[in-house]
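Got the viewer open? Here is a tour, stop by stop, with something to select at each one.

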Amino acid sequence: MKPPIITVSHLNKHFKVRKHHHGRMAGLRNFFTQEHKLVRAVDGVSFQIAPGELVGYIGPNGAGKSTTIKMLTGLLVPTSGELHVAGRVPWKERRAHVADLGAVFGQRTTLWWDLPVIESLNLLQHIYRIPEARFRRNLDEFRQILELDPFLDTPVRSLSLGQRMRADICAALLHNPKLLFLDEPTIGLDVVAKERIRQFILHINQERGTTVILTTHDLSDVEKLCARVMIIDHGKLLFDGTLDILRERFGGKRELIVDFAQEYPSVEVEGAQVVEKEDGHAVYQFERSAITASELIGRLSAKYRIRDLAVREPDIEETVRRIYEERLLER
Amino acid sequence: MQWHLAMYRRLLAMQLRSQLQYRASFVLDVLSSALISIVEFAATVLVLQRFGNNIGGWTMIELALLYGMIDVTYALTDLFFGGFDPDYFAPMVQRGTLDQLLLKPTNITLQILGSTLRLRRLGRIAQGGTILVVALALVGVRWTPAKIAYLPVVLLGQVGFFGSLFIIGSTTTFWTVQRVEIINVFTSGGRVAMYYPMHIYTKWVRRIFTIVPVIFLNYYPALYLLDKPDPLKMPALAPFLAPVVGFGLLAAALAFWEFGLRHYASTGT
């Protein structure tokens with residue numbers, strides 16, 4: 001196995017935050033006192049990421065996601081702990097470090113708002129000192145896959161959100177970064193535009209071996225793209241593993257949807273619960289630990305004539321919501 | 001170095017092209033900025049006339065020289081150091097724009113300088129420049145090569161001074177988040193104070209302006225250009241301190257800025 005591109009061990013970032021008083025005379029007390037409380041934004045986080053991985057990094061707002069990303073990108077100095085990215089300590093060598101990174105923040109653009117897209121790309125060539133041949137090769141490739149041509153000469157302010165996102169992703173990759181940070185890359189996009197962005201992220205990850213770290217609220221991004229997810233909450237890493245394991249451990253019930261070939265007065269079967277039944281159609285729920293899908297199908301087809309069926313995995317969104325709410329992973 | 005200059009030039013060119021996209025509003029901006037400064041100047045002239053056209057023994061034209069220099073250099077600072085204007089910089093930190101610049105593998109100071117170019121200040125520069133040129137023509141300077149060489153150095157020193165105030169003001173927002181009004185005491189206060197000959201102020205005010213050394217930036221160079229005797233009896237070197245003060249403060253401000261950046265990296269916002 002290749003040595004990891006990111007090594008994080010016992011990483012901490014603590015902030016002193018001013019305490020705010022409430023109630024009577026709160027304003028005055030806030031003005032005159034300087035009480036601080038310690039916020040552990042990132043609290044003893046450890047993980048490693050191998051080159052070429054595509055990792056989803058998720059958590060509710062204020063969980064410590066962006067603090068972690070800021071430390072990985074060299075914008076923030078850790079309070080303690082170790083952090084190595086591509087052989088460097090990010091904050092110690094910010095400029096050399098960021099030359100190896102690409103970053104896209106869905107909410108903001110790095111492009112020049114009032115100028116045609118191509119002018120921003122040309123300037124980035126200069127800023128990242130990209131050799132002409134490589135710049136041409138990359139630009140030609142991205143223009144084709146991301147279909148940039150119709151709007152390369154359009155000012156950024158006139159682009160649709162989806163177009164702007166494609167332009168921003170192109171801008172983040174022109175210098176062949178080893179590591180790509182994507183923050184909410186599909187936010188606000190329609191289904192088609194989302195799909196196109198996801199396809200491109202996969203393409204870059206597979207064809208170029210670019211390591212990708214994706215933070216998002218849209219868990220279908222994670223579902224479609226990431227083999228591995230990390231979940232952070234209250235500064236602690238709650239889960240680090242594959243989506244399958246996440247589902248298996250916390251996934252709740254699976255569902256089997258059945259269309260019968262004829263009507264039955266009762267469609268009960270052992271090992272599963274009927275949650276929905278109407279003329280020739282039923283939905284069963286069953287525990288992953290209690291019975292496998294094929295066993296259940298076997299039992300059903302022994303009793304009834306079945307025309308069609310489908311297994312529905314528990315929604316990842318639902319799973320993660322349960323993890324946050326029920327503190328399933330609290331240590 | 002050369003590469004950095006090329007990048008800075010390209011950043012400015014991007015700003016220029018951005019703003020020329022809105023031609024009508026650009027023209028209006030320049031005109032209104034010129035108009036405002038003309039009205040300001042007219043108001044000052046009207047006030048001065050009440051004092052019998054002279055303040056502390058300086059004629060209207062001599063005063064116009066003081067006024068013109070400061071007007072031009074302040075507008076130049078505003079044009080080129082706009083990225084460090086605390087009013088522009090504080091929101092940049094809050095919105096995360098600064099972080100985006102820090103993610104680019106190049107000098108952060110140049111990027112901020114190149115992040116805005118307030119072309120509407122051209123109006124004020126033209127107006128201040130006109131006052132300065134007219135004043136220099138009418139005031140009867142006995143030009144020597146030394147004076148001709150020294151004048152641009154003085155102007156640059158003043159730009160350095162105002163620029164350093166911008167940088168200090170912006171850097172303090174790393175601690176305060178909001179921009180701090182006190183910096184304006186120096187920026188606006190210092191600017192207005194320099195419109196007038198320093199010997200008209202009482203002793204303690206002058207002392208303040210010696211400590212915050214604006215006295216050397218405009219008044220003393222003007223004494224030298226006009227061959228006026230020094231009523232304050234400072235060392236003979238005083239007229240030549242303008243570049244030392246201007247660039248010295250700028251260097252100090254940049255050091256403070258570097259310190260502020262390190263603080264920012266350990267706290268964020």
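Leaving aside its neighbours within four places in sequence, which residues is B:Ala193 in contact with? Select B:Ala193 and look around: the answer is B:Met198, B:Tyr201 and B:Phe209, where contact means heavy atoms within 4.5 Å.

Before going on, some ground rules: this is a predicted model, in which local features need pLDDT of at least 70 and side-chain atom pairs count only at pLDDT 80 or more, while totals for chains, interfaces and linings use all residues. Residues are numbered from 1 along each chain as its sequence is written, chains are lettered from A and ligands numbered from 1 in the order in which they are written, and side-chain values use heavy atoms, with hydrogens and water left out.

**Still at B:Ala193**

Colour helix H9 of chain B, residues 182-194, and you'll find B:Ala193 in it. Helices (H or I, at least four residues) and strands (E, at least two) are DSSP runs, numbered from the N terminus. B:Ala193 is buried, at a relative accessible area of 6%; buried means under 20% relative accessible area, exposed over 50%, and partly exposed in between (1.4 Å probe, protein chains only). Now draw a distance from its C-alpha to that of B:Glu181, 12 residues away along the chain: you should get 18 Å.

**Zoom out to chain A**

Show chain A as a cartoon and you have 11 helices and 13 strands. Its C-alpha trace spans about 70 × 60 × 45 Å along the principal axes. Of its 331 residues, 50% count as buried. Try two colours for the domains: domain 1 is 51-79 + 87-247 and domain 2 is 253-313, with bounds that come from an automatic or database domain assignment. Their C-alpha centres lie 42 Å apart.

**Where the chains meet**

Next, select the contact between the chains: 31 residues from chain A and 29 residues from chain B. About 2800 Å² is buried here, with carbon and sulfur atoms giving 58%; buried area is the accessible area (1.4 Å probe) that two parts lose on being put together, summed over both. Put A:Leu75, A:His126 and A:Ile127 in sticks, since these supply 22% of the area that chain A buries against chain B, more than any other three residues.

How many residue pairs are in polar contact between chain A and chain B? There are 11, both residues being at pLDDT 80 or more. A polar contact is a pair of N or O atoms within 3.5 Å; within protein, one must be able to donate a hydrogen and the other to accept it, and residues adjacent in sequence count only if both atoms are side-chain atoms. To see which elements of chain A give two or more residues to this side, highlight strand E1 (6-18), helix H3 (94-98), strand E5 (101-105) and helix H4 (117-127). H4(A) gives the largest share, seven residues.

**B:Leu103, facing chain A**

Select B:Leu103, in the loop between helix H5 (97-102) and H6 of chain B. B:Leu103 counts as buried, at 9% relative accessibility. Setting aside neighbours within four places in sequence, its contacts are A:Thr73, A:Leu75, A:Val98, A:Ala103, A:Phe105 and A:Tyr128.

**Salt bridges across the contact**

Side chains of opposite charge can pair when their charged atoms come close. Two salt bridges run between chain A and chain B, each a side-chain nitrogen of Lys or Arg within 4 Å of a carboxyl oxygen of Asp or Glu. Pick A:Glu119 and B:Arg17 for one of them, at 2.1 Å, N to O. Then pick A:Lys70 and B:Asp99, at 3.5 Å, N to O. A:Lys70 is in helix H2 (residues 65-72) of chain A and B:Asp99 in helix H5 of chain B, so this pair joins two chains. A:Lys70 is partly exposed at 22%, whereas B:Asp99 is buried at 9%.

**Last stops, inside chain A**

Go to A:Arg208 and A:Glu141, a salt bridge with its closest N and O atoms 2.7 Å apart. The pair links distant parts of the chain, with A:Arg208 in helix H7 (residues 191-208) and A:Glu141 in helix H5 (residues 132-145), 67 residues apart. To finish, show A:Lys194, A:Glu195, A:Arg198, A:Asp218 and A:Asp221 together: a network of salt bridges links them.
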